[in-house]
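Student: I have a structure to work through. Can we take it piece by piece?
Tutor: Gladly. Put it up and ask away.

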Amino acid sequence: MVTIKSENERVQEVRKRLGMTLEKFGQRLGVTKVAISNIEKGHRNVTEQMRKSICREYNVNELWLMSGQGEMFVADEVKHLEIIENYFKSLGFSMEYNVTKWHFENPDE
């Protein structure tokens, strides 16, 4: 049996894929960890503003977030690099684009 995930569950999927806590994920969106938890548990709906913020801050494909269709993240290489860079920034690390790009293009080195 195929389980159809809700938009709320997809928010949780994004956060977990990024390896972020509720608190870190919410900070970038300007909300508390309780707000994110309520969304993920389905106690609150994903508002249009929250959807736009998630897509902008984490380079999430809006169509995927709303419907589950397509890829989770915007697929071009620059967006992937931004996702990686933003994740490390959320952990307090500073990264240079060229270093990130080199590691992304040379994963075995």
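Student: What covers the buried residues of helix H3?
Tutor: This is a predicted model. Helix H3 spans residues 33-40, and its buried residues are Ile-36, Ser-37, Ile-39 and Glu-40. The cover over them includes helices H1 (7-17), H2 (22-29) and H4 (48-58).

Student: Why do the buried residues of H3 line one face of the helix?
Tutor: The residues in question are Ile-36, Ser-37, Ile-39 and Glu-40. Look down the axis of H3: they line one face because they fall within an arc of 160°.

Student: Is Asn-8 buried or exposed?
Tutor: Asn-8 sits in helix H1. Buried means under 20% relative accessible area. Asn-8 has a relative accessibility of 10%, so it counts as buried.

Student: Which residues is Asn-8 in contact with, leaving aside neighbours within four places in sequence?
Tutor: Start with H3, whose buried residues include Ile-39 and Glu-40. Just after H3 comes Gly-42, with a positive phi of about 85°. Asn-8 contacts Ile-39, Glu-40, Gly-42, Arg-44, Asn-45 and Val-46.

Student: Which helix supplies the largest share of the largest nonpolar core?
Tutor: That core has 19 residues, and Val-14, Leu-18, Phe-25, Ile-54 and Val-60 touch the most other members. At least two residues come from each of H1, H2, H3, H4 and H5 (62-67). The largest share is four residues, from H4.

Student: Which residues does Leu-18 touch, not counting those up to four places away in sequence?
Tutor: Leu-18 is among the core residues that touch the most other members. Its contacts beyond that sequence range are Phe-25, Tyr-58, Phe-73, Ile-83 and Tyr-87.

How values were computed:
Residues are numbered from 1 along each chain as its sequence is written. This is a predicted model: local features need pLDDT of at least 70, side-chain atom pairs count only at pLDDT 80 or more; totals for chains, interfaces and linings use all residues. Side-chain values use heavy atoms; hydrogens and water are left out. Buried means under 20% relative accessible area, exposed over 50%, partly exposed in between (1.4 Å probe, protein chains only). The arc is that of the directions from the helix axis to the C-beta atoms. Contact means heavy atoms within 4.5 Å. A nonpolar core is a set of buried Ala, Val, Leu, Ile, Met, Phe, Trp, Tyr and Cys residues joined through side-chain atoms within 4.5 Å.
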